[in-house]
Amino acid sequence: NFTTAVATGIEKNRLISGEYLVYPNPFDGMINIVSGNEIHDVVMKVYDTGGRLVKTTILKNNKVFTVNLGMLFPGAYYLKIAEDGNNKNLKIVIKK
């Protein structure tokens, strides 16, 4: 016996409050950040693999953001988003 599954559609990603989706990853300069809830004045910091802060920006009054990180060298970085005392850390990769 076997079971056949047929996909009939694609459900959109649903983010809950406090979750973030970052795409594309890897990327070549511009990165999109989607929040599970509308955020106000949230600090986003980017660190290199040595732990050095290389970029800080404020994300304001939206759920979807596009951030230009094209000034950074190719390689791995860590994105830290601080919202209401909660920190989210995400690994991102810049390609050229």
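Trainee: Which residue forms a salt bridge with Asp 48?

Mentor: Look for Arg 52: Asp 48 and Arg 52 form a salt bridge, with the closest N and O atoms 3.0 Å apart. Keep in mind that you're looking at a predicted model.

Trainee: Are those two partners buried or exposed?

Mentor: The general idea is a cut-off on relative accessible area: under 20% is buried and over 50% is exposed. Asp 48 has 14% relative accessibility, so that residue counts as buried. Arg 52 has 54%, so that one counts as exposed.

Trainee: How many salt bridges does the structure hold?

Mentor: There are 2. Besides the pair we just discussed, Asp 41 forms one with Lys 60, where the closest N and O atoms are 3.7 Å apart. That pair links distant parts of the chain, 19 residues apart: Asp 41 is in the loop between β2 (30–39) and β3 (42–48), while Lys 60 is in the loop between β4 (53–59) and β5 (62–68).

Trainee: You keep naming strands. How many helices and strands does the protein have?

Mentor: Count 0 helices and 7 strands. Walk along from the N terminus and the elements read β-β-β-β-β-β-β.

Trainee: In what order do strands sit in the open sheet?

Mentor: For the open sheet, trace which strand pairs with which. Here 4 strands come in the order β4-β3-β6-β7, and the pairing is antiparallel. β4 and β7 are the edge strands, each pairing on one side only. From one strand to the next, the twist averages 20 degrees.

Trainee: And how do the side chains point in a strand?

Mentor: As a general idea, side chains in a regular strand alternate between the two faces of the sheet.

Trainee: How many bridges join β3 and β4?

Mentor: That antiparallel pair has 6 bridges. To find your place, start at Val 42, whose bridge partner in β4 is Leu 59.

Trainee: What about β6 and β7: over how many bridges do they pair?

Mentor: Strand β6 (residues 75–83) and strand β7 (residues 86–94) pair over 9 bridges, again in the antiparallel sense. Glu 83 has Asn 86 in β7 as its bridge partner. The two strands make a hairpin with 2 residues between them, and Asp 84 in the turn has a positive phi of about 50 degrees.

Trainee: Where should I look for the core, and which residues have the most contacts inside it?

Mentor: Think of a nonpolar core as buried nonpolar residues joined through their side chains. The largest one here has 19 residues, and those with the most contacts inside it are Ile 33, Met 44, Val 46, Leu 69, Leu 79 and Ile 92. Two or more residues each come from β1, β2, β3, β5, β6 and β7. Try selecting Leu 69: leaving aside residues up to four places away in sequence, Leu 69 touches Phe 27, Gly 29, Ile 31, Val 46, Lys 55, Ile 92 and Ile 94.

Trainee: Can we try one more residue, Val 22? Which strand is its place in?

Mentor: Val 22 is in strand β1 (residues 20–23). Its relative accessible area is 15%, so Val 22 is buried. Beyond four places away in sequence, Val 22 touches Ile 31, Asn 32, Ile 33, Leu 79, Leu 90 and Ile 92.

Trainee: And for the whole protein, what share of the residues is buried?

Mentor: Buried residues make up 29% of the 96. The protein exposes about 6,700 Å², with carbon and sulfur atoms supplying 50% of it.

Terms used: Residues numbered from 1 in each chain as written. Predicted model: local features only at pLDDT ≥ 70, side-chain atom pairs only at ≥ 80, totals over all residues. Heavy atoms only, no water. Buried < 20%, exposed > 50% of the residue type's maximum accessible area, 1.4 Å probe, protein only. Areas by Shrake-Rupley, 256 points an atom, 1.4 Å probe, with all protein chains shown as cover. Salt bridge = Lys/Arg side-chain N within 4 Å of Asp/Glu carboxyl O. Pairing = 2+ DSSP bridges. Axes fitted to C-alpha atoms, helices over the stretch in contact; angles between N-to-C directions. Contact = heavy atoms within 4.5 Å. Core = buried A, V, L, I, M, F, W, Y, C linked by side-chain atoms within 4.5 Å.
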